[in-house]
Amino acid sequence: MQETLWVPVVAVLGPLIGSAVGVLLPSREGLLRRLLAFAAGTMLTLSFLELIPESLSVCSPPACAAGLAVGVFGVLALHRLLPPTPPGRPGGERRTALLMVAAIMLHNLPEGIAMAAGGESRTMLLIAVAIATHDVPEGICTAAPCLYATHRRASAFWLSLSTCLPTLLGYGLGRLLWRQVPAFTMGMVTACIAGLMITISCEELIPASPGGSDRLSAMPALMAGVILVLVLRQLLG
């Protein structure tokens, strides 16, 4: 029972630490743009090496492809819903920040359900620790565009930290309903999240990273995101 109570606490630690690190970094535009490239590397690697294989392990390839398509068109729908940036005025970074927060929130809901699906309390705690570990770079990646958009550390911190709320909601729902949620459905949801993250990385994060003659300087940041996920996968088995 005690381990079960610690699960939501551990779930919040990842976004908390990541958000704090993200907003405490120097607010230089060049650094923040490189963090967007870092975010793209992290999200693309998580999508192709974790989310899509996880989806295929529990649902059919056509179902996985359908989930991916829903994620892609979901981002396009968000593009339509978000107010357009007036020509000649800044504001594109605000759209990027909102899309990042939306994607991470949707990503964290099934993670909360996964924590509850461990059955044994110690297993749930181990799953929570693993998820919190990879939530740290996600927190950094969410806080960076929020800081770049608002230029207010407190606002960026709280907006980034709010991404842990779906995790807690998913954990609560999972404790009540996890035996009734088909694995096939969870596989499609996971593929949908992968589609969201891939599209946001390609349509928002990479174009917002350093451009022009400085384009090559984004590559080390992008590769750092890839390497971080690979290292975490090895450490977490």
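Start with L205: leaving aside residues up to four places away in sequence, this leucine touches L36, A39, A40, M43, T96, M100 and I200. Keep in mind that you're looking at a predicted model.

L205 belongs to the largest nonpolar core, a group of 26 residues. Along with M43, M100, M197 and I200, L205 touches the most other members of that core. Which elements give two or more residues to this core? They are α2 (29–58), α3, α4 (92–116) and α8 (183–208). The largest share, nine residues, comes from α2. Apart from this core lies another one, of 11 residues, with V23, V101, F157 and L161 among them. As a rule, nonpolar side chains in soluble globular proteins tend to be buried together.

Now pick out helix α3, which covers residues 61–81. How far apart are its end C-alpha atoms? They sit 30 Å apart, and that agrees with the expected span, because 21 residues at 1.5 Å a residue should also give 30 Å. Along α3, the buried residues include A63, C64, G67, G71, V75 and H79.

Zoom out and the protein chain has nine helices and zero strands, so to speak α-α-α-α-α-α-α-α-α from the N terminus on. Here are some chain-wide values:

| Item in the protein chain | Value |
|---|---|
| Buried residues, out of 237 residues | 47% |
| Contacts between residues 24 or more positions apart, out of contacts with a separation of 6 or more | 84% |
| Exposed area | about 11600 Å² |
| Carbon and sulfur share of the exposed area | 71% |

Note on methods
Residues numbered from 1 in each chain as written. Predicted model: local features only at pLDDT ≥ 70, side-chain atom pairs only at ≥ 80, totals over all residues. Heavy atoms only, no water. Helix = DSSP H or I, 4+ residues; strand = E, 2+ residues; numbered from the N terminus. Expected span 1.5 Å × (residues − 1). Buried < 20%, exposed > 50% of the residue type's maximum accessible area, 1.4 Å probe, protein only. Core = buried A, V, L, I, M, F, W, Y, C linked by side-chain atoms within 4.5 Å. Contact = heavy atoms within 4.5 Å. Areas by Shrake-Rupley, 256 points an atom, 1.4 Å probe, with all protein chains shown as cover.
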